[in-house]
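Q: I would like to learn how to read a few features of a model. Please take me through them in turn.

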Amino acid sequence: MQTLKFNVTGQTIALDPSCDTSNLVPGTNGYVRAKFTFSPEWDRCVKVAAFYSNLGTEYEPQILKGGEVCDIPAEALKKSIFKVKVLGKKNDYTICTNKVTVHQKGGNA
């Protein structure tokens with residue numbers, strides 16, 4: 001299993017600098033997951049990761065298990081580029097991030 005790590009600070013998401021994506025190859029299913037680290041604004045939020053194609057097609061959102069981990073949908077992993085953002089909700093409080101782009105070797109955008 002490969003884990004892509006993301007850091008979320010307020011409304012900004014970024015790929016963790018220690019995360020090596022150089023060996024990602026399109027077409028994987030059930031092998032790549034995402035792990036998120038959050039700033040305090042996200043405490044007690046129900047968190048959902050949203051994955052998109054390079055052209056903006058949204059794939060099935062993933063509820064973060066334990067508030068930090070989810071599988072990446074196979075559809076998102078079919079192309080050489082996909083995007084990720086996170087949304088959080090608690091009571092009357094909603095927060096969301098920008099999208100971050102992830103590149104994979106080969107494949108079509």
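The dialogue below goes through strand pairing, the nonpolar core, charged pairs and two loop residues.

A: Keep in mind that this is a predicted model.

Q: Let us begin with strand pairing. Which strands does β1 pair with, and in what sense, parallel or antiparallel?

A: Pairing is read from the bridges between two strands. Here β1 and β3 run parallel and are joined by seven bridges. One of the residues to look at is Q2, whose bridge partner in β3 is V32. On β2 (residues 12-15), the pairing with β1 is antiparallel and spans four bridges. There F6 has L15 of β2 as its bridge partner.

Q: What lies between β1 and β2?

A: The two strands form a hairpin, with two residues between them. In the turn, G10 has a positive phi of about 60 degrees.

Q: How do the faces of β1 differ, and which residues are on the covered one?

A: Strand β1 covers residues 2-9. Its covered face holds Q2, L4, F6 and V8, while T3, K5, N7 and T9 make up the uncovered face.

Q: How should I read a nonpolar core, and how many residues does the largest one have here?

A: In soluble globular proteins, nonpolar side chains tend to be buried together. The largest nonpolar core in this model has 26 residues. Those with the most contacts inside it are L4, F6, F36, F51, I72, F82 and V84. Two or more residues each come from β1, β3, β4 (46-53), β7 (81-90) and β9 (100-103). The element that gives the most is β3, with four residues. L4 and F6 also belong to the covered face of β1.

Q: Next, salt bridges. How many does a search of the whole structure find?

A: The criterion is a nitrogen-to-oxygen distance within 4 Å. The search finds two salt bridges. In one, the side chains of K35 and E68 meet at 3.9 Å, N to O. This pair links distant parts of the chain, 33 residues apart: K35 is in strand β3 (residues 32-38), and E68 is in the loop between β5 (62-63) and β6 (69-71). The other joins the side chains of K65 and D71 at 4.0 Å, N to O.

Q: Are the residues of these salt bridges exposed or partly exposed?

A: K35 counts as partly exposed because its relative accessibility is 33%. E68 is also partly exposed, at 33%. K65 is exposed, since its relative accessible area is 54%, whereas D71 is partly exposed at 34%.

Q: What should I check for a charged residue such as D16, and where is it?

A: Check burial, the nearest opposite charge and the polar contacts. D16 is in the loop between β2 and β3. D16 is buried and has no salt bridge; K5, the nearest side chain of opposite charge, is 6.3 Å away. A polar contact of 2.6 Å joins the side chains of D16 and S18. Leaving aside neighbours within four places in sequence, D16 is in contact with K5, F6 and N7.

Q: Last, V25. Which residues does V25 touch, not counting those up to four places away in sequence?

A: V25 lies in the loop between β2 and β3, and touches Q104 and K105 on that count. V25 is partly exposed because its relative accessibility is 43%. Distance along the chain and distance in space should be read separately. V25 and S80 are 55 residues apart in sequence, with 7.6 Å from C-alpha to C-alpha.

How values were computed: Residues numbered from 1 in each chain as written. Predicted model: local features only at pLDDT ≥ 70, side-chain atom pairs only at ≥ 80, totals over all residues. Heavy atoms only, no water. Buried < 20%, exposed > 50% of the residue type's maximum accessible area, 1.4 Å probe, protein only. Core = buried A, V, L, I, M, F, W, Y, C linked by side-chain atoms within 4.5 Å. Lys, Arg positive; Asp, Glu negative; His and termini not counted. Polar contact = N/O pair within 3.5 Å; in protein donor to acceptor, adjacent residues only side chain to side chain. Contact = heavy atoms within 4.5 Å.
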